[in-house]
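Me: Could you take one part of this model and walk me through it closely? I would like the cut-offs behind each term as well.

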Amino acid sequence: MRKYDAVVIGAGNGGLVAAIRLLQGGAKTLLVEKHNLPGGFATSFRRGRFEFEASLHELNDFGTADNAGDVRELFDQLGVTDKIDWMQIPEAYRVISRAEKIDATMPFGVKDFIDAMEKYVPGSRPSMLKFFDLAEEVRLAQAYSSSVNGKTDSKIMVGKYGNFVRAGSYSVNEVLKALKMPKKAKDILNAYWCYLGAHCDDLSFVHYASMVNRYIRRGASMPKMRSHEISLALVERIRELGGDVLFNTEATGLLTDKNDGGIAGVILDGKEQIETRHVVANCAPHLVFGKMMDKVPEVEIRATNARKFAGRGFTMFLGLDADADELGISNHNYFLYDTMDTAAQYDAMRTIKNNNVQATVCLNRAYPECSPKGTCMMYFTTLYMTDDWGNVSAEDYFKAKEYVANKMIDRFEQDMGAELRRHIEEISVATPMTYARYCGHPEGVIYGYESQYWDGLMPRLQMMAEDHKIRGLRFAGGYAMRLSGYSSAYFSGDISGRQTVGDIKREG
Ligand SMILES: Cc1cc2nc3c(=O)[nH]c(=O)nc-3n(C[C@H](O)[C@H](O)[C@H](O)COP(=O)(O)OP(=O)(O)OC[C@H]3O[C@@H](n4cnc5c(N)ncnc54)[C@H](O)[C@@H]3O)c2cc1C
């Protein structure tokens, strides 16, 4: 039997970072990935003359060399920042709800963002200033919490982060109401909600504020050669540090210790057994507990069943034979909503029929050379809040794909006055079935578990120690303590990798 200090299952964002942290901590590490390439969702693919980004709209909290965000600092420590050719996203977003007469283009930078909001919503400045002060306190409190593994000292929390503690158990809308934010400003500020996939009556304020703050304060970035460039850089680093990486290799089972029920090994492709006492799983706990282990403690089964899946993904990718100027596409990042009432919008997103939401990107607005001269590339993403795609029969599958793709094109053309259909040179569509097959996530979930009131970012960070029930098994990625998104998946890989190094050292 081959023997490793630790095995990482899955080379998605969380798994790649966990593997580097393990190696930096001196652990002999094996990373296994069932695909023939790394990244999970963080990848790209080609159709004709176009290389499409598979997922990343914008990476938050990276910043620039002189205004570094937490992700850049993490990447510096991992030794990968300089392996990647970065570019900045030009503006935060344009949010449109024609029905509610909202059309706002919001810039990055706290001052510019507040100034723009004041222009759209006169009188909003005081509440916006309060919002960003509180959001920064949230970020600092979270950094402190992570640094002590969730075991925070209540005196420090109350003394240094009192407003964070005060806001900690309220939803986005409850806190914005307490800040006396005018309704229209709240609507515009809440536009990012679909990035977390939970509506603002339910979504924890500290989770949302943490994300918005990181986007607006630091701006957003993107590697020129798509997110795949990051994934390749991370794999290169793993190899430089002496780690073993096996592609085309699926972890099909976990071996457990007869005495303590903890990890004893990993089964690869149903055949080879690897001896290890430590696993970082970059896949769904549903998969690990449901398919890979014979005996699972009841408490894990209960916790896993109680958690709720976040949105199931659908994306349409278009390669267009005209450039963005010619098509009248002036922004990089669009959110198109039917209503700015996020709870009502979330409800409509339960079914294929009623969901008309789209988060749409024209990459050429950030990187004009990303496609051949005289062309541009767009990708349109939406989420489904139930498993409605599971109700589509095999016979109706292509019809359903076409129905949603057509709706997306119609919606963008109507809202923006741009003519896309007759310029389509390449089209590709990914449904929840595609995502389920590609990364192995149940129901085609692309955001891990939903950030809920009782199971959001803060409870999870604070319960990290209690959430760790099986010796030697930790999680990284969208289902782990930082929940979904690129930055969050990198951070959970960082935390779980370092925690595992601690576990190994304690064992001696
Ligand atoms: C269309 C789309 C748009 C998005 N836009 C953004 C955005 O703009 N900003 C943002 O921050 N986030 C965005 N996200 C979310 C982001 O991509 C994810 O949160 C993040 O990539 C998840 O990373 P992860 O670590 O959970 O790994 P995943 O990407 O889920 O990868 C898991 C990996 O594990 C492998 N694996 C699973 N089971 C096994 C096994 N048994 N054995 C071996 N390997 C296995 C899979 O093959 C996969 O490679 C988007 C996602 C999608 C799909």
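Reply: Happy to; here is a close look at helix α1 and the ligand shell that α1 contributes to. The model is predicted, so a local feature needs pLDDT of at least 70 and side-chain atom pairs count only at pLDDT 80 or more, while totals for chains, interfaces and linings use all residues. Residues are numbered from 1 along each chain as its sequence is written.

Helix α1 covers residues 13-24; helices are DSSP runs of H or I with at least four residues, strands are E runs of at least two, and both are numbered from the N terminus. Its twelve residues reach 17 Å from first C-alpha to last, close to the 16 Å expected at 1.5 Å a residue, where the expected span is 1.5 Å times one less than the number of residues.

Eleven of those twelve residues are buried, so α1 is largely enclosed by the rest of the structure. Buried means that 20 or more other C-beta atoms, placed from the backbone, lie within 10 Å of the residue's own. Among the buried ones are Asn13, Leu16, Ile20 and Arg21. Their cover includes β2 (6-9), β3 (29-32), α2 (70-78) and α19 (486-507), with contact taken as C-beta atoms within 7 Å. After the helix comes Gly26, with a positive phi near 90°.

Now to the ligand: 36 residues surround it, and Gly10, Gly12, Gly40, His57 and Gly477 come nearest. Elements giving two or more residues to this shell are α1, β18 (312-320) and α19. A residue counts as near when its C-beta atom, placed from the backbone, lies within 6 Å.

Methods. Contact = placed C-beta atoms within 7 Å.
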